[in-house]
Amino acid sequence: MSMERLFTLTAADLMHRPVHTIRDDQSVHEAAAVLIEHGIQGAPVVNRFGKVVGVLSATDIARYERDRHPDVVRESDYYRLAETGRAQDVEWEKGFHIEGTGSTKVREVMTPKVYSVPEDAHIGTVLGTLVDNHIHRVVVLAKENGKLQGVVSATDIMRALLSEWIRRC
């Protein structure tokens, strides 16, 4: 891909598929499992009709947990046990863990504002949407029917830039 080609890319060229979605009536715990399972930091939230009604990110979940317990300062068990010299004796699970979210629904935690672009949106429009709104992903919707087509993340754009840089070196 030439630099000239890079500047002609559209959302359809950059977006990733399949799109992993989360239902607004799922529990936060279930949604966190979807994010972890697919190795993603966020996903579009859809209602029972498949309409995009928000976005849920790992940051949304972290804010929810922080706001739920504002007076609690938690110290990881790892560091507490490290002080006693026993941390190495414990088998630690890897990855992101959510505890105590109970029956809290995604609709209560998600960002309800959906930033979207059409499939033919120029890379400049996609970048502008990300930067201007301080977000990490934008939903790509079909022009003709508004249906979810894909997601373009900041990583997708960096991947396109890296690909061109590697090709030129």
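**Close-ups of a predicted model**

**View 1. Helix α6, seen by its two sides.** The face of α6 that points away from its buried side carries two exposed residues, V131 and D132. This is a predicted model, so keep that in mind for every view here. The helix itself covers residues 123–133, and its buried residues are I123, V126, T129 and L130. Looking down the axis of α6, those buried residues fall within an arc of 130 degrees, so they line one face of the helix. Right after α6 comes H134, and its phi is positive, near 55 degrees.

**View 2. Helix α4 and its buried residues.** Here we're on residues 58–68, where A58, D60, I61, Y64 and E65 are buried. Down the axis of α4 they fall within an arc of 165 degrees, so these buried residues line one face of the helix. Flip to the other side of α4 and you'll find R66 and D67, both exposed.

**View 3. A nonpolar patch involving helix α7.** L162, W165 and I166 together make a nonpolar surface patch of about 350 Å². L162 belongs to α7, which spans residues 154–168. How exposed is L162? It is partly exposed, with a relative accessible area of 45%, and that clears the 30% that a patch residue has to exceed.

**View 4. K113 over the ring of Y115.** The charged end of K113 sits over the Y115 ring, 5.2 Å from the ring's centre. As for rings pairing with each other, a search of the whole structure turns up 0 aromatic pairs.

Definitions and conventions: Residues numbered from 1 in each chain as written. Predicted model: local features only at pLDDT ≥ 70, side-chain atom pairs only at ≥ 80, totals over all residues. Heavy atoms only, no water. Buried < 20%, exposed > 50% of the residue type's maximum accessible area, 1.4 Å probe, protein only. Helix = DSSP H or I, 4+ residues; strand = E, 2+ residues; numbered from the N terminus. Arc of directions from axis to C-beta. Phe/Tyr/Trp six-rings, centres within 6.5 Å; stacked < 30°, edge-to-face > 60°. Lys NZ or Arg CZ within 6 Å of the ring centre and 35° of its normal. Patch = residues over 30% accessible without salt bridge, like charges linked within 9 Å, V, L, I, M, F, W, Y side chains within 5 Å. Areas by Shrake-Rupley, 256 points an atom, 1.4 Å probe, with all protein chains shown as cover. Salt bridge = Lys/Arg side-chain N within 4 Å of Asp/Glu carboxyl O.
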